[in-house]
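Here is a report on a two-chain model, written for reading beside the coordinates. It starts where the chains meet and then moves into the second of them.

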Amino acid sequence: MAISAVARETVFALRRQIAKIEGTLPERLQAPAGAPLDADGGDADLTIVRRGLAAALPDAFLPIGLERLDAALSGGLPKAALSEIHGLETRDAGAVAGFALSLTSLILKRAQGLPVLWIGTTEIFREAGFPYARGLQACFGIEPEQLLFSEAPKLVDALWVAEEAARMTALAAVILEIRGNPQRLDLTATRRLHARAQSAGRPVFLLRQAAEPEPTAAPVRLIVASAPAVPRATVAGPLAGSIGRPAFTISIGKSRTALPGQFTLEWNPDERVFDERRGEERRTDRTKNPVPVVSLSGGRKDPAAASGAVLAFPALGSSGAISPTTGDQPPPGQRPAHLSPRRAG
Amino acid sequence: MISHRQGNAQRISALDERAEALHLKRDMGIADARAMHPSIDIVEADPEADRRLLEGLADWCDRYTPLVALDGADGLFLDVTGCTHLFGGERAMLDDILSRFFHQGFDVRAGLAPTPGAAWAAARFCGDRIVDGGEEEALLAPLPLAALRIAPETRASLESVGLRTAGAVMAAPRAPLARRFGATLLLRLDQALGRLDEAVSPRLPVAPLSVERHLAEPVTLTEDIERLVGLLATTLKGDLERRGEGARTLALLLFRVDGAVSRIALGTSRPMRDPRLIQKLFHERLAALEQDIDAGYGFDLVRLSVLAAAAFDMAQADLTGEVTDDGADIALFADRIRARLGEGAVLQPVTVESHLPERAVAIIPFSEAPRRTTPPKRPDRVQAPKTIFPPERPIRLFRAPEPIEVPATEMPEGPPLNFRWRRALYRVTRAEGPERIAAEWWREASSDAAASTRDYFRIEDADGRRYWLYRQGLYGNSQTAPRWFMHGVFA
């Protein structure tokens, strides 16, 4: 059954060549059980490289600092690559931006003082808000002097700026924020970004708000949503009702190792590291929404399926002040003119 | 024929030779003119368009001298002091101006004199005449009073006492003239005769440095223009080096054969003199403007001007001849982006001392120069104590706070139970606050302090998203009900 050693050697050599041509990153297998995975990625001895590829440089990956997540990503996020960070809806923009910025903050720990460029279209900055330097400084330790923004009215211009920026080694990271699934940002455009990021050795984070997954050249796609924060920790225990450190729910949409997974991370702004969420009981699964998405139709045929994503309004609970019927009524000023009381005279 | 409205009647304001041949005159009523010749073509006067045309011509005249001024609605002053030798003398220059204007289809009268007043008179009353120094009096003496640029009323009263030519006024005693007709008459006379200086204020600021190239064969291709920019920038480099400066603002002027002038300006983040970089920046700018620049029959004069310069520090290279400066990369990158996408394409935040969240960070165009936005702290002044826990601030802030509907709050002063933002309903699970931020009374004195006070809340909704809301106004304190706004989102 066993193929001869010579044949296997040939196959490995060919694979190596293919990997070299494609410029793919070497992949790692999970470290054997019992051997602790070094969170800093500095220990190359533990790395077992799949399919006989050359051992990865210890610096090629940015360890997120969460054992399970790093293992699923085969060592962390590739440093010199395009990485996609998705948000399912535009209102997740805070979580998506927060996760990308915490990754940037991890990078800035190593590359002190280099600026970060955040490129966005006018649309996304209007819809999701403009980055606020005071908050970034407090939460991620990114100084206002390190921040550069580029706002382009058109996507073409934003992509051009991103391509120019991706080849610069003087930037610590480039963040490109796009809304939806535009035609322009196809496989070719992302491949160009990825190639430039690879040659410059700098990460490019592609933030996509309210976007569907589609084929791109990015080796990693993470889908980020916000998770409920744990209460603030005080000397006397957790402070009830308070909102503590920011937390994110990460699911891996695409990676080299193709290991799926969902993780809840908590960002520690003081230490500037990620912690895994310990209080598992607080985790809520957004897919298991108890509210029916569409009310059942009575006696008639089902209506045509709504186009696009259908949002579920959560149950209103005890607050009887807003019943669905009154909530749907337009305010008096927006009623049709013929229904409004006519003024005498 | 061009008509304009004067008083209550349409009158002829300008007319061409063929209309003149029909014995029509200026200021004649349109009704009379139509009665004489029913087939005349009448166009309504458009002073705005005339003004634009004159400014276009003034731009084009920039090729002769940087000091070009508008004179009323139909004239241009060109201060050609020190420029005539570039065109082969005064006569050659005047002929060049006249022939180029003629080929563009303009009927131009020009005069050249040592004083603006004399040149004005020579252009309008003699035509194509060059007046040498000292000849002003001989030029003006036989001319009518209108040549002195005086108000029509003064002219009429001078004529009523029998002074009908400029020579007669010059011969009259000065003191009675001044007493009876005002100082303006003598001022104009002295200015025309060169006894008093008259300043011609140029339309555009004069560039401290500019280099230009006249082309025998007009160029149309963008690549050719870029190459010419490179050549001009090489010439400019020497001048800048002698002055120890680098360019901060550059302007490229393209003079088209038929008189249109394109002006392309760009700014740099740090002083610059390397011709290669200047060419690169103009490459981006020209690529962005490709649609707007109409080469037409080609450009026959290309000029590169330094509008603003700043001291340029030389950088010492190391022994391998390499200068490693990341800042230079960033500056050049920002310049290229801005050259193509405009001044606001690369922005940087600057913290400002203000407690209002939207004023605490100013977003300004990227620049290398450090800006001091807050006054330096004086050590003897009492500093506000620094809080150990800085207030929580969102990571994204909406440009304008978005109004939200809040149907109910648990307590009047408390956080909302649920709210409607962008037509979606959000249920509040946890809230922190309020953090009260009052308006800056020293800026807006008129507004009601209680009505503009904001109470900020950190809100977490059922899905774990965190928002920053505020209520503007206080319950029961003012006439208007408090309103709620969404101001930012947290990570």
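In this predicted model, strand E6 (residues 147–152) of chain A pairs with E12(B) in the antiparallel sense, over two bridges. Within that pairing, Phe149(A) stands opposite Leu347(B).

A further link between the chains involves E14(B). Strand E5 (residues 130–131) of chain A is joined to strand E14 (residues 396–409) of chain B by two bridges, and the strands run antiparallel. Here Pro131(A) faces Arg396(B).

**The side of chain B that touches chain A**

How many residues of each chain are in contact with the other? The count is 47 residues of chain B and 51 residues of chain A. On the chain B side, these elements each supply at least two residues: helix H13 (326–341), strand E12 (346–351), strand E13 (361–365), E14, E15, strand E16 (424–437), strand E17 (454–461) and E19. H13(B) gives the most, with seven residues. By class, this side of chain B holds 27 nonpolar, six polar and 14 charged residues.

**Strand pairing around E14(B)**

E14(B) also pairs within its own chain. Five bridges join E14(B) to strand E19 (residues 483–489) of chain B, in an antiparallel run. Ile404(B) has Trp484(B) in E19(B) as its bridge partner. Three bridges connect E14(B) with strand E15 (residues 416–421) of chain B, again in the antiparallel sense. In that pairing, Ala408(B) is matched with Asn418(B). E14(B) and E15(B) form a hairpin, with six residues between them.

The antiparallel pairings described so far, together with that of E9(B) and E10(B), are listed here.

| Strand pair | Bridges | Opposed residues |
|---|---|---|
| E6(A) and E12(B) | two bridges | Phe149(A) and Leu347(B) |
| E5(A) and E14(B) | two bridges | Pro131(A) and Arg396(B) |
| E14(B) and E19(B) | five bridges | Ile404(B) and Trp484(B) |
| E14(B) and E15(B) | three bridges | Ala408(B) and Asn418(B) |
| E9(B) and E10(B) | eight bridges | Phe255(B) and Val261(B) |

**A four-stranded sheet in chain B**

Chain B has an open sheet of four strands, in the order E8-E11-E9-E10, with antiparallel pairing. Which strands stand at the edges? They are strand E8 (209–219) and strand E10 (261–272) of chain B. Each has a single partner strand, so one side of each is left without a neighbour in the sheet. Neighbouring strands of this sheet are turned by 15° against each other on average, direction ignored.

Strand E9 (residues 245–256) of chain B pairs with E10(B) over eight bridges, in the antiparallel sense. Phe255(B) stands opposite Val261(B) in E10(B). A helix covers this pair: helix H12 (residues 275–288) of chain B lies across E9 and E10 of chain B. H12(B) runs at about 130° to E10(B).

**Helix packing on H10(B)**

Two helix contacts share H10(B). Two packed helices are described by the angle between their axes and the distance between the axes.

Take H9(B) to begin. The axes of helix H9 (residues 174–181) and helix H10 (residues 183–193) of chain B come within 6 Å and cross at roughly 130°. That angle makes H9(B) oblique to H10(B). H9(B) brings Arg174(B), Leu177(B), Ala178(B) and Phe181(B) to the contact, and H10(B) brings Ala183(B), Leu185(B) and Leu186(B). Those residues divide into six nonpolar, no polar and one charged.

Now H5(B). Helix H5 (residues 116–126) of chain B packs with H10(B) at an angle of about 85°, the axes lying 5 Å apart. H5(B) and H10(B) are therefore roughly perpendicular to each other. Gly117(B), Ala118(B) and Ala121(B) of H5(B) meet Arg188(B), Gln191(B) and Ala192(B) of H10(B). This contact has three nonpolar, two polar and one charged residues.

**Chain totals and confidence**

Chain B comes to 14 helices and 19 strands. Of its 491 residues, 29% are buried. Among chain B contacts between residues at least 6 apart in sequence, 51% join residues at least 24 apart.

For chain A, the mean pLDDT is 77, and 69% of its residues reach 70 or more. Residues 281–290 of chain A have pLDDT below 50, and this stretch makes eight contacts in the model beyond near neighbours in sequence. Over residues 318–330 of chain A the pLDDT is also below 50, with nine contacts of that kind.

Key. Residues numbered from 1 in each chain as written. Chains lettered and ligands numbered in written order. Predicted model: local features only at pLDDT ≥ 70, side-chain atom pairs only at ≥ 80, totals over all residues. Axes fitted to C-alpha atoms, helices over the stretch in contact; angles between N-to-C directions. Parallel < 35°, antiparallel > 145°, perpendicular 65-115°, else oblique. Contact = placed C-beta atoms within 7 Å. Nonpolar A, V, L, I, M, F, W, Y, C, P; charged D, E, K, R; others polar. Pairing = 2+ DSSP bridges. Buried ≥ 20, exposed ≤ 12 C-beta atoms within 10 Å, placed from the backbone. pLDDT = per-residue confidence, 0-100.
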